[in-house]
Amino acid sequence: RFSVRFAPEREGPLAHALVLVCDNCEVKELTLTGTGCVASLQLESVGGRPPLFQQNGRAVQDTLHFDDVSVHGAVSLPLAVQNSTPLPIDFEWHLHALPPQLLPLTRSPTAVAAPLRAEELPGHLSADEA
C-alpha cells in the first residue's frame, strides 16, 4: 500500500509515468494525470454593494474605505468573496498590517490634535469684555 501526492508547479493538464516493480519481478506501469489550477478569488461585494472599481468585468478594488470612526470605536464592513477556480478552495484570512511607507495616502491629511485655547473658540469673551 502506498500513496501518491499531486503537487503541480504549473497550470494545465499534467501526466507522469510511474513504474511499480515488485520483489517477484512483476512490473506495472501507471500513468498519473491531473490538472494544475491557479487559485483565484474574486471580490463580489463590499458592504453589500458591488466593488467600486472593475476592469474587464472583474473587481480590481484594492482599498477598503471606512468613514470617520471615533478613537477606540470600531466599524465592520462585510465582504463577499467568490472562488472563481474550478475546484473547491478552503482558505482562511490572515490579516497583517502594512508598514507605514506602503500605506496609501488618505483622501485628506490627518492633523495631530492640539489642545484648544479658550480664546480660539468662536464667541469667546476675553477677560476685558466680560
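Which side chain does the side chain of Thr85 join in a polar contact of 2.5 Å? The legends below take that up, starting with the whole chain.

**View 1. The whole protein is an all-strand layout in a predicted model.** There are 6 strands and 0 helices here, so-called β-β-β-β-β-β if you read along the sequence. Of the 130 residues, buried ones make up just 8%. Add up the accessible surface and you get about 12,300 Å², with carbon and sulfur atoms holding 55% of that. As for contacts with a separation of 6 or more, 43% come from residues 24 or more positions apart.

**View 2. Thr85 pairs up with Asn83.** Here's the partner asked about at the top: the side chains of Thr85 and Asn83 meet in a polar contact of 2.5 Å. Thr85 sits in the segment after β6, the strand spanning 79-83. Its relative accessibility is 12%, so Thr85 counts as buried, the cut-off being under 20%. Skip the neighbours within four places in sequence, and Thr85 is still in contact with Val38, Ala39 and Ser40.

**View 3. Leu41 belongs to a nonpolar surface patch.** Zoom in on strand β3, residues 41-46, and you'll find Leu41. With a relative accessible area of 35%, Leu41 is partly exposed, because that value falls between the 20% and 50% cut-offs.

**View 4. The nonpolar patch covers about 940 Å².** Leu41 shares this patch with Leu64, Phe66, Val69, Val75, Leu79, Val81, Phe91, Trp93 and Leu95.

How values were computed: Residues numbered from 1 in each chain as written. Predicted model: local features only at pLDDT ≥ 70, side-chain atom pairs only at ≥ 80, totals over all residues. Heavy atoms only, no water. Helix = DSSP H or I, 4+ residues; strand = E, 2+ residues; numbered from the N terminus. Buried < 20%, exposed > 50% of the residue type's maximum accessible area, 1.4 Å probe, protein only. Contact = heavy atoms within 4.5 Å. Areas by Shrake-Rupley, 256 points an atom, 1.4 Å probe, with all protein chains shown as cover. Polar contact = N/O pair within 3.5 Å; in protein donor to acceptor, adjacent residues only side chain to side chain. Patch = residues over 30% accessible without salt bridge, like charges linked within 9 Å, V, L, I, M, F, W, Y side chains within 5 Å. Salt bridge = Lys/Arg side-chain N within 4 Å of Asp/Glu carboxyl O.
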